[in-house]
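Visitor: I should like to understand how the labels attached to a structure are justified. Please take me through the reasoning, one case at a time.

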Amino acid sequence: MIKFKRKVLSCACNPFVMRSKIFLLAFTALILCCLSAWSQKAPRFHVIALYENGGHHIEYSKRAKVWLDKLAADSNFSIDYIQNTDLIDSAFLSKYQLFIQLDYPPYAWKDKAVTAFQNYITQGKGGWIGFHHATLLGEFDGYPMWNWFSTFMGGIVYKNYIATFAKAKVNVEDANHPVMKGIPSSFMVEKEEWYTYNKSPRPNVHVIASVDESTYTPDSDIKMGDHPVIWTNLNFPARNVYIFMGHSPILFDSEVYKRLFTNAIFWAAGR
């Protein structure tokens, strides 16, 4: 009698078992991918920064971008950058809770950008922080003055600046404002141009800090008396703050300046 040995497929080559293992591995990978995605929190808010990539402020912009990128990563918000106003319209701005005008002047904007930005501010669609060059108000490079923006900044027009720079002391006037949290009652700014205007914006804005012109080092005749350098315009629905200091990259060597900048971001973004 001939005996036949029954051949038993091992698990390693059993088609059903192999298909099950492949399915299990694929399913596990899918679950891990989902868990990884869920573990990455959505950004708390979105920021757009309009910055200068040329001229006297390029080095400030470079340092600012490095610092902002790290702050965004550490604090879980997103930040995008643009170097001109070509993309700005209402749909574009609707993606962002905060607009940072990082050393970019208020002229030569595209018409659609002007309209969209004014609506963004007057309708309180997002917050705004302006630095330094944002008050270069007047007729420059053949462009007319943006009258609405002058009103936004307190009705001022640019007049002069200390081209040779000066060190000076800034005095905080409203220590209770959220932008001033953790900021000493006065602090030194090592190098700045200190713009002057045709008048103080104080009657039309809420002044948060001003520069003490008597502390200019070296001294300068380019002074305006009452000289606010940080203020907010309460006549507009959007949270807004203007911070004059923003020319030299060495500002980012100052812990006070970085704290001020950080406070401004979270306050203006409503966070």
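Guide: Let us begin with a pair of strands in this predicted model. Strand 6 and strand 7 are paired in the antiparallel sense, over 5 bridges.

Visitor: What makes strand 6 and strand 7 a pair?

Guide: Pairing requires at least two bridges between two strands. Strand 6 and strand 7 have 5 bridges, so the requirement of at least two is met. One of the contributing matches is that of A168 with V189, its bridge partner in strand 7.

Visitor: Why is the contact between E190 and K167 called a salt bridge?

Guide: The closest N and O atoms of E190 and K167 are 3.7 Å apart. The cut-off is 4 Å between a side-chain nitrogen of Lys or Arg and a carboxyl oxygen of Asp or Glu, so the name applies. E190 lies in strand 7 (residues 186–192) and K167 in strand 6 (residues 166–172), so the salt bridge ties together parts that are 23 residues apart in sequence.

Visitor: How do you know whether E190 is buried, partly exposed or exposed?

Guide: The relative accessible area of E190 is 48%. Buried means under 20% and exposed means over 50%, so a value in between is called partly exposed. E190 is therefore partly exposed, and K167, at 29%, is partly exposed as well.

Visitor: What makes R202 and D226 a salt bridge, and where do the two residues lie?

Guide: Their side chains meet at 2.8 Å, N to O, and the limit is 4 Å, so the pair qualifies. R202 is in the loop between strand 8 (196–197) and strand 9 (206–217), whereas D226 is in the loop between strand 9 and strand 10 (228–232). The two residues are 24 residues apart, and the pair links distant parts of the chain. R202 has a relative accessible area of 29% and is partly exposed; D226, at 32%, also counts as partly exposed.

Visitor: How does the pair K258 and E255 fit the term salt bridge?

Guide: The N to O distance for K258 and E255 is 3.1 Å, which is within 4 Å, so the term holds. Both residues lie in helix 6 (residues 255–268), 3 residues apart, about one turn of the helix. An α-helix has 3.6 residues a turn, so residues three or four places apart point the same way.

Visitor: Why do K258 and E255 receive opposite labels, buried and exposed?

Guide: K258 has 18% relative accessibility, and a value under 20% means buried. E255 has a relative accessible area of 58%, and a value over 50% means exposed.

Visitor: Which residues do salt bridges with shared partners join into one network?

Guide: E173, R202 and D226 are joined in this way. The structure holds 9 salt bridges.

Visitor: What is the order of the strands in the open sheet, and which strands stand at its edges?

Guide: The open sheet has 9 strands in the order 2-1-3-4-11-10-9-6-7, and its pairing is mixed. Strand 2 (78–82) and strand 7 are at the edges because each has a single partner strand, which leaves one side of each without a neighbour in the sheet. From one strand to the next, the twist averages 20°.

Visitor: How do you know that strand 10 is largely enclosed by the rest of the structure?

Guide: The count settles the matter: 5 of the 5 residues of strand 10 are buried, so the strand is largely enclosed. Strand 10 is joined to strand 9 by 4 bridges, and the two run antiparallel. Strand 10 also runs antiparallel to strand 11, with 2 bridges.

Visitor: Why is Q101 called buried?

Guide: Q101 has 0% relative accessibility, and buried means under 20%, so the label follows. Q101 is in strand 3. Beyond its neighbours within four places in sequence, its contacts include L50, W109, F117, W128 and F149.

Visitor: How does the span of helix 4 compare with what is expected?

Guide: Helix 4 (residues 111–122) has 12 residues and reaches 17 Å from its first C-alpha to its last, close to the expected 16 Å. Its buried residues include A113, F117 and Y120. Among the elements that cover the buried residues of helix 4 are strand 3 (98–102) and helix 5 (147–152).

Terms used:
Residues are numbered from 1 along each chain as its sequence is written. This is a predicted model: local features need pLDDT of at least 70, side-chain atom pairs count only at pLDDT 80 or more; totals for chains, interfaces and linings use all residues. Side-chain values use heavy atoms; hydrogens and water are left out. Buried means under 20% relative accessible area, exposed over 50%, partly exposed in between (1.4 Å probe, protein chains only). The expected span of a helix is 1.5 Å times one less than its number of residues. Contact means heavy atoms within 4.5 Å. Axes are lines fitted to C-alpha atoms, for helices over the stretch in contact, and angles run from 0 to 180 degrees between N-to-C directions.
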